[in-house]
Amino acid sequence: MDIDESPSAAMVGQLFLEVGNPENDDMSGPADLEEQDARYRQALATFLDQSLEIDSYLVHPDVPLLEDIARKVLECPNSLRLAFIRGISDMALGPQQPHWGMIQRAYIAYVQWVLHGRIESDLANATGADSPGDYRRRPREINPDQLSHCPATVHCCNHCGRWSTRVICERGCQLQVGPNAVTIATRYCSADCRRLDLPYHIPACAQQGKFIRSVYFMMQFLNVVGANTSALVAKTCEEKQGITVVTEKPRYVDAMLGRHFLGGFDRSAFHTRRQAIMAFQDDYSSELGYVLGPLKEWLWRDLVSYIEEVTILVKNVLNPLLRIHPDDTKTFNILEPHTILRVTLKTDAVFAVDLSAGRFGWAEYVMPWRDFEHQRIWTILSITPSTVSASRPVVSESIHLPEVSKIHYHRTIFKFGVEHCREVFRTYYGANLDILDVACLDGTEFQRLLRLIEAVMGQVCQDALGELPLRHPYGRLYPTPEFELRVTCQRVVPFRLPLSSLWVTQDRAELLEEMTLEQLKMIWVDRLERLGGT
């Protein structure tokens with residue numbers, strides 16, 4: 001019997017048939033997620049039950065891998081589809097196999113298309129379908145190296161609505177930023193449209209100019225804080241089939257030495273500036289909703305009338321990012337929900353603000369909403385009203401977890417940093433001037449203010465990581481008896497003895513770096529037993 005005709009091959013085909021069309025799932029909204037989880041749970045449980053009954057003779061080559069994936073996915077309380085896609089990602093990014101059946105090929109080809117950024121022009125090629133809903137056609141094999149890149153950013157004419165990048169407003173709303181000189185401005189398809197729109201645009205031009213500059217002030221705050229107080233330590237970074245793959249370094253040695261869990265962002269593992277920006281912004285993207293309150297209060301109170309947090313699935317990504325964490329779990333940023341701000345100014349202009357756009361390779365952090373919606377949104381998952389000043393509260397059972405502690409540290413740094421920046425600004429420019437009015441005077445003042453923010457926030461970060469740990473042993477890494485990473489904080493650390501007596505001395509650091517994870521565990525457990533710290 002041929003392997004393609006074996007019961008195990010039919011079982012694999014049935015699994016991919018029952019989980020359903022991944023394209024329809026990709027376009028579904030939050031209301032459909034419960035049904036989606038139930039469908040995946042039923043299909044995976046049925047697959048595992050059937051796998052117990054198959055004969056070992058002529059077993060489909062993918063059965064052992066799919067069994068392992070199914071068990072792990074079924075442990076997830078929700079988002080089973082995402083967990084399943086992560087599980088088969090190695091299969092999807094590898095070469096196409098001759099033993100794949102038609103439905104399996106179609107599913108994997110679609111997953112491959114998603115992992116490369118949901119580029120619409122590649123969809124038909126990926127699935128071999130005449131239309132997005134035609135899932136039954138046999139997919140063509142695609143070469144990831146030939147996938148098209150995100151098209152050059154195009155903008156909607158502010159007067160007639162046609163798509164063009166030819167003419168820009170050269171008045172107050174224009175700003176050129178970044179090493180690649182990205183120009184942010186109101187766009188027109190022709191000089192005639194610009195002239196006809198001028199009477200309507202002039203009243204809003206100055207306010208839009210202020211708003212655009214405020215976004216880049218926010219970016220400067222985020223860049224300085226992230227550069228000085230990062231928890232990400234990259235071991236390697238490489239490009240694989242059009243995806244940037246960052247492998248993170250386990251920090252067990254740092255924990256055994258009692259080092260602080262935050263530090264300067266280390267760029268040594270990255271070969272290009274783009275790679276560093278992607279990892280850097282991906283690391284802080286999850287905490288934006290928690291730390292921006294003081295900045296919105298300062299910069300947006302007189303500009304903005306309404307703010308919404310819009311959570312989306314993204315498309316047309318220049319470079320997807322895969323992070324391999326120290327516990328060997330993987331996160332694809334193209335699969336994770338991405339939250340941006342939809343901001344309505346008091347002039348009624350609506351903008352998209354994406355303060356972690358660089359995690360997908362995008363260069364523009366602010367653009368008119370209709371441009372953003374056309375170019376970057378695949379599906380809107382949720383819309384949550386926000387306010388000018390408030391940040392959401394941090395709710396967590398364990399303050400000792402590094403990710404939660406990082407948010408608390410950064411909230412404190414942003415709060416004191418914004419207050420200090422406001423004081424320094426008033427000292428230099430006087431109490432009657434607004435920072436955005438000064439920023440719009442000329443490019444020199446704008447750059448000077450960026451440098452002021454960099455200097456002030458850099459000092460605030462140094463104080464937070466320098467003086468505070470000297471007075472209180474907060475923010476230092478330690479392993480639990482189960483060798484899980486935790487962070488010291490104001491609450492009692494769950495050890496009978498002070499951690500200072502358990503931490504390994506600095507002179508053993510080089511020796512520890514050469515040891516395996518199992519050897520490190522043995523050393524730590526032995527210290528706990530000898531010193532009575534369990």
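**Close-up 1. Val-245 and its bridge partner in a predicted model.** Val-245 has Leu-322 of strand 10 as its bridge partner. The model is predicted. Helix 11, residues 273-284, packs on the sheet here. The helix touches strand 7, strand 8 and strand 10. Its direction makes about 65 degrees with that of strand 10.

**Close-up 2. Pairing of strands 8 and 10.** Strand 8 covers residues 243-248, and strand 10 covers residues 321-324. The two pair in the parallel sense. Four bridges join them. In general, strands of a sheet pair through backbone hydrogen bonds, either parallel or antiparallel.

**Close-up 3. The open sheet and its edges.** The sheet is open and has four strands. Their order is 7-8-10-11, with mixed pairing. Strand 7 (234-240) and strand 11 (330-332) stand at the edges. Each has a single partner strand, so one side of each is left without a neighbour in the sheet. On average, neighbouring strands of this sheet are turned by 15 degrees against each other, direction ignored.

**Close-up 4. Ile-383 and its contacts.** Ile-383 lies in strand 15, which spans residues 377-386. Ile-383 has a relative accessible area of 40%, so it counts as partly exposed: the value falls between the 20% limit for buried and the 50% limit for exposed. Neighbours within four places in sequence are set aside for the contacts shown. What remains is contact with Glu-308, Glu-309, Val-310 and Arg-342. Thr-311 is 72 residues away from Ile-383 along the chain. Their C-alpha atoms are separated by 6.4 Å.

Note on methods
Residues are numbered from 1 along each chain as its sequence is written. This is a predicted model: local features need pLDDT of at least 70, side-chain atom pairs count only at pLDDT 80 or more; totals for chains, interfaces and linings use all residues. Side-chain values use heavy atoms; hydrogens and water are left out. Buried means under 20% relative accessible area, exposed over 50%, partly exposed in between (1.4 Å probe, protein chains only). Contact means heavy atoms within 4.5 Å. Two strands pair if DSSP finds at least two bridges between them. Axes are lines fitted to C-alpha atoms, for helices over the stretch in contact, and angles run from 0 to 180 degrees between N-to-C directions.
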